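User: Could you take me on a close look at one part of this protein? I would like a connected account that starts from a single residue and works outward.

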Amino acid sequence: MKDLKEFDIQFVGLKEGIHLFEYEINNTFFNVFNFDEFESSSIKISLNFIKKSTLLELTFTANGYVEVPCDVSNELYKQDVQAVLPLVVNFGPEFNDENEEILILPHEAYEFNVAQFIYEMIVLSVPNKRVHPKVLDGTMDSEALNKLRELEIKEVKTVEETDPRWDKLKNLITEKKT
C-alpha cells in the first residue's frame, strides 16, 4: 500500500471544522487493487471532511468516467461515474468496519487511509450491465450487432402435434388403479 500514501489522512493535527481533500483517480489507482476491468479512467474525488470533537464526518463525491467494453457489442465507451458516499468515523476500543456507514477506529489511531472507500465507491457505481449509449438509441453499427440481428428469432413456431409417447405417459397420471 506504499502507492496509496497520498490517501492517508492524519486527522490528529487537523483543527475542528470543515476540510476539503481532492484526488485525481486514473488506472494507476486501480492497478494497485489488481482491478483491470477499466480500459482507462478519469475521476475527480472530492472529500468533504468534517472534524468534530468526538467523531469525523466524511462525504466522498466522485465525478468522471471509466472506459469499459459494452456487454452487447464489445465496443469501448465512456461510462459516466457519479457517486456520493457518506461515512462517519467514530472511535472505540478496536477497529471495526462491519457497518458500511460507520467506521470505528481504535482510540490511539492518528491517521487512516481512504483509498479503499474511494475504490469501492467507484467500482460499485458502475452498472453491472454495461450497454453503449448508441446501442440503446439504435444508432450503432457493428459486426456484433449485425450478427445478433441476423440470428434473432423472427417468429415463434408452435407445435400442434404432440409425440404419441408423451400422450401415453400423460394417460398414466389420469388413470386410476383399481
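Leaving aside its neighbours within four places in sequence, which residues is Ser142 in contact with?

Analyst: Happy to, and please keep in mind that this is a predicted model. Beyond its neighbours within four places in sequence, Ser142 is in contact with Ser73 and Glu75. Ser142 itself sits in the loop between α3 and α4, the latter spanning 143–151. Although it is a loop residue, Ser142 counts as buried, because its relative accessibility is 7% and buried means under 20%. Its contact with Glu75 bridges a long stretch of chain: Ser142 and Glu75 are 67 residues apart in sequence, yet their C-alpha atoms are separated by 8.3 Å.

Let us move from Ser142 to the hairpin of β4 and β5. This hairpin has six residues between its strands, and Asn74 there takes a positive phi near 65°. Asn74 lies in the loop between β4 and β5, and its positive phi is found in a residue other than glycine. Is Asn74 buried or exposed? Asn74 counts as exposed, because its relative accessibility is 59% and the cut-off for exposed is over 50%. Ser142, by contrast, is buried at 7%.

Asn74 has a counterpart elsewhere in the chain. Asn34 also has a positive phi without being glycine, here near 55°. Asn34 belongs to the loop between α1 (27–32) and β3. With a relative accessible area of 71%, Asn34 is exposed.

Now for the strands on either side of the Asn74 loop. β4 and β5 run antiparallel and are joined by 14 bridges. Within this pairing, Ala62 stands opposite Ala83 in β5. β4 also pairs with β3: strand β3 (residues 40–51) and strand β4 (residues 56–69) run antiparallel, with twelve bridges between them. Here Asn48 is the residue facing Thr59 in β4. β3 and β4 form a hairpin too, with four residues between them. β4 is therefore paired with β3 and with β5, given that two strands pair when at least two bridges are found between them.

As a reminder for reading these strands, side chains in a regular strand alternate between the two faces of the sheet.

Strand β5 deserves a stop of its own, and Gln79 is a good place to make it, as this residue lies in β5. Gln79 is buried, with a relative accessible area of 17%. Its side chain makes a polar contact of 2.7 Å with the side chain of Tyr77. Not counting residues up to four places away in sequence, Gln79 touches Gly64, Tyr65, Val66, Val68, Val126 and Pro127.

Tyr77 then takes us back to the C-terminal side of the chain. Its C-alpha atom is separated by 9.5 Å from that of Lys134, a residue 57 places away along the chain. Lys134 is found in helix α3, residues 133–137. Lys134 is partly exposed, with a relative accessible area of 45%. Recall that α3 is one of the two helices whose connecting loop holds Ser142.

β5 also has a part in the largest pocket. Two or more lining residues each come from β5 (76–92), β6 (102–106), β7 (111–113) and α2 (115–125). The largest share, six residues, comes from α2. In total, 22 residues line this pocket, and those nearest its centre are Leu85, Glu100, Gln116, Phe117 and Glu120. The lining divides into 15 nonpolar, three polar and four charged residues. The space in this pocket comes to about 510 Å³.

Finally, here is the wider setting. The protein has five helices and seven strands, which follow the pattern β-β-α-β-β-β-β-β-α-α-α-α along the sequence. Of its 178 residues, 31% are buried; Ser142 and Gln79 are among them. Of the contacts with a separation of 6 or more, 57% are between residues 24 or more positions apart. The contact of Ser142 with Glu75, across 67 residues of chain, is one example of such a pair.

Conventions. Residues numbered from 1 in each chain as written. Predicted model: local features only at pLDDT ≥ 70, side-chain atom pairs only at ≥ 80, totals over all residues. Heavy atoms only, no water. 1 Å grid on protein atoms, 1.4 Å probe; cavity = no way out; pocket = protein on both sides within 12 Å on 5 of 7 lines; lining within 4 Å. Points joined across faces, edges and corners; volume = space filled by probe spheres on them. Nonpolar A, V, L, I, M, F, W, Y, C, P; charged D, E, K, R; others polar. Buried < 20%, exposed > 50% of the residue type's maximum accessible area, 1.4 Å probe, protein only. Polar contact = N/O pair within 3.5 Å; in protein donor to acceptor, adjacent residues only side chain to side chain. Contact = heavy atoms within 4.5 Å.
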